[in-house]
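Student: I'd like a close look at a single part of this model, please. Could you walk me through one helix and its surroundings?

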Amino acid sequence: MDVPKHVLRFWEAKFSQLKPMKRGGGRRYYRPEDVALLRGIRLLLYSDGYTIRGVQKILREHGPRYVMDYRGLGEDAGAEGATAPEIPDVAADAARVAISPGLGSLEDDLTVLIEELDTCRQILANADAQD
């Protein structure tokens, strides 16, 4: 899979469903289920344009199996008649919440975004320090 190590670590922090086995020396071993979940997350984030919060919402509402099977990425990908599950339009839901009074706070949303940016900044600083 074409995802840098520091991104995998970031995703492990953001998606509690990602739990690779850890061996001596801090080495991580990703099981087939972990890889399928990572592929689904990558597809949702990079190809379909979801945010971290959007993917978290999908995982919370539909579970990890749903994301693993997204677009036929799971174990049954080659099965005849296997279809990809429908992913809800989280962007439209977020827009409705943002414009509906009392349902969400712009300040709360901005606080979460700032926290995510700070986390990204820390990951990038750590990656630069390792190089």
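Student: To start, which residue follows α2, and what is the sign of its phi?

Tutor: Happy to. Glycine 49 follows α2, and its phi is positive, near 80°. Two notes before going on. Residues are numbered from 1 along each chain as its sequence is written. This is a predicted model, where local features need pLDDT of at least 70, side-chain atom pairs count only at pLDDT 80 or more, and totals for chains, interfaces and linings use all residues, while side-chain values use heavy atoms, with hydrogens and water left out.

Now the helix itself. α2 covers residues 32–47, which is 16 residues. Helices here are DSSP runs (H or I, at least four residues), strands are E runs of at least two, and both are numbered from the N terminus. From first C-alpha to last, α2 reaches 21 Å, close to the 22 Å expected at 1.5 Å a residue; the expected span is 1.5 Å times one less than the number of residues.

Next, the buried side of the story. Asp34, Ala36, Leu37, Leu38, Gly40, Ile41, Leu43, Leu44 and Leu45 of α2 are buried (under 20% relative accessible area, with exposed over 50% and partly exposed in between, using a 1.4 Å probe and protein chains only). These buried residues pack against α1 (5–14), β2 (28–29), α3 (52–62) and α4 (64–68).

Two of these neighbours deserve a longer look. α2 and α3 pack at an angle of about 135°, their axes 10 Å apart. Axes are lines fitted to C-alpha atoms, for helices over the stretch in contact, and angles run from 0 to 180 degrees between N-to-C directions. The two helices are therefore oblique to each other; under 35 degrees counts as roughly parallel, over 145 as roughly antiparallel, 65 to 115 as roughly perpendicular and the rest as oblique. Leu37, Ile41, Leu44 and Leu45 of α2 meet Ile52, Val55, Ile58 and Leu59 of α3 in this contact (heavy atoms within 4.5 Å). The residues of the contact divide into 8 nonpolar, no polar and no charged. Here Ala, Val, Leu, Ile, Met, Phe, Trp, Tyr, Cys and Pro count as nonpolar, Asp, Glu, Lys and Arg as charged, and the others, Gly among them, as polar.

With α1, the angle is about 95° and the axes are 12 Å apart. That makes α1 roughly perpendicular to α2. Val7, Leu8 and Trp11 of α1 touch Leu38, Ile41, Arg42, Leu45 and Tyr46 of α2, and the contact has 7 nonpolar residues, no polar and 1 charged.
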